[in-house]
Amino acid sequence: MVLRHRLLPGLIIFFSSFRIITFGGIMKVNGVMLQYTTEHLQTSNTLVAWAYTLQCGISFLMAPLCGPLLQYCSYRSLGVTGGFLSGFGYVCAGLLASKVWHLFIFHAMSGIGFGLVCLPPFLYMHALFDDVTFAIISSATGVLTYVGISVLPLVMNWLVGNYGHSTALVLIGMILMNNMILGIAMRPLKPSTCEQSASASAYGTIATAKLHPCDRYGFIFSALFRHKNFAICMLFAAAGMLVYSSWAIFLVSFGNDLNFSAQQSVLLSTAGGIGGIGGGLLPILLFKLRMINPITGCLLPSTVNAIALLVSVYMTKFSVVFCLMVVSGFSQGFQYAAICGFIPLVLCKYHFQKGLPLSFFMEGILYQLGGLTAGILTDLTGSSLAVFTVNGIVCLIVAPFALLWFCDKRPISECYSVK
């Protein structure tokens, strides 16, 4: 029993890593399938891209529902159910999809599954670790996301080449079903071993009359109004997801529009993933050394990413575009990892319970918007180059807001005390 208790944090981190890798890479897998799916279903880029982003969008939009569900279901039951659905949607898509509305249903199913297995592990780990350790672990999710971006497109391309598109979808679905193991690993926690969880429950018992009006009526959005720096952090997270979702889906198409070969276009996704791994590793070290701030974590990577995206539109040499995508991936990975680490540091304990689901919820909304607008732009202009131009402009617009965050030196104080 003691051995299992000591192994528990390691097991959760290990299987959470697999979940993050698969979830991070699945958008790139969808990007590999974009052209085939559009031709096979005889539909537009807009609808297919929307279906793809609906999957990841729903997974984030499920976050506010996971909290109430955990009042009635265990971490384990949600994790096992989510792990099954995340892969089953792809199995159904490979075997049954013949209309575009089938695509929406099956990818929504997979999105619900990812949603059920996405937020609970974060809440579970927050109960196991202190705030600084949890910030470092959260930052590491950025690295793992880009591991998935690097590896899964190549895996999917190999599966398609050897087994065909439909069978490849079934096989990738079976790989995703391994996320059920994460649910199995989340065994019930004893109150004596998770003081943070007990503290969170105590915050939940605060009388309504003692709550600030924002907390009384603002649902999960109250954290935005009670902590200004969290609002700015969410602005960068939202812009990052808007850019990432369209970048992930249309990067292969972007290579095709630049007249690169199919293999070279897939390698652009790998380039972005390789850059993202390097970018995600650096914030982990900076958090450990307490050397990261809004300027280095948000303003600089956003500006660098904007430059890389805008310049890439005008390049014609594969080697140059490959390097620019490495830089873009590095910037996005760095910023995403930094934001994941910032969230538990810019919120009090009470609002962390609301802020974490809100961050997933907002990312889900922007995931939807990113794929939809990118699909519309591609259909209107006949090229994905416009998508990367708009992404670069978005990065430039949000970058200056990091200065407001950096200039606010006030420490985070607890909004409520628990006696």
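**Exercise 1. Place L235 and list its contacts.**

Solution. L235 lies in helix 13, residues 228-257; helices here are DSSP runs of H or I with at least four residues, numbered from the N terminus. The model is predicted, so local features need pLDDT of at least 70 and side-chain atom pairs 80 or more, while totals for chains, interfaces and linings use all residues. Residues are numbered from 1 along each chain as its sequence is written, and side-chain values use heavy atoms, without hydrogens and water.

Next, take the accessibility. L235 has a relative accessible area of 31% and is therefore partly exposed (buried is under 20%, exposed over 50%, partly exposed in between, with a 1.4 Å probe and protein chains only).

Then take the contacts, meaning heavy atoms within 4.5 Å. Apart from neighbours within four places in sequence, L235 touches V398 and F401. The C-alpha atoms of L235 and A402 are 9.7 Å apart, across 167 residues of sequence.

**Exercise 2. Classify the aromatic pairs W158–Y163 and Y244–W247.**

Solution. Rings of Phe, Tyr and Trp (its six-membered ring) pair if their centres lie within 6.5 Å; planes under 30 degrees apart are stacked, over 60 edge-to-face, the rest tilted. The structure has 9 such pairs. For W158 and Y163, the centres are 6.0 Å apart and the planes stand at 75°, so this pair is edge-to-face. Y163 is partly exposed, at 45%. For Y244 and W247, 6.1 Å and 45° give a tilted pair. Both Y244 and W247 are buried. They are about one helical turn apart, because 3 residues separate them in helix 13.

Conventions
Helix = DSSP H or I, 4+ residues; strand = E, 2+ residues; numbered from the N terminus.
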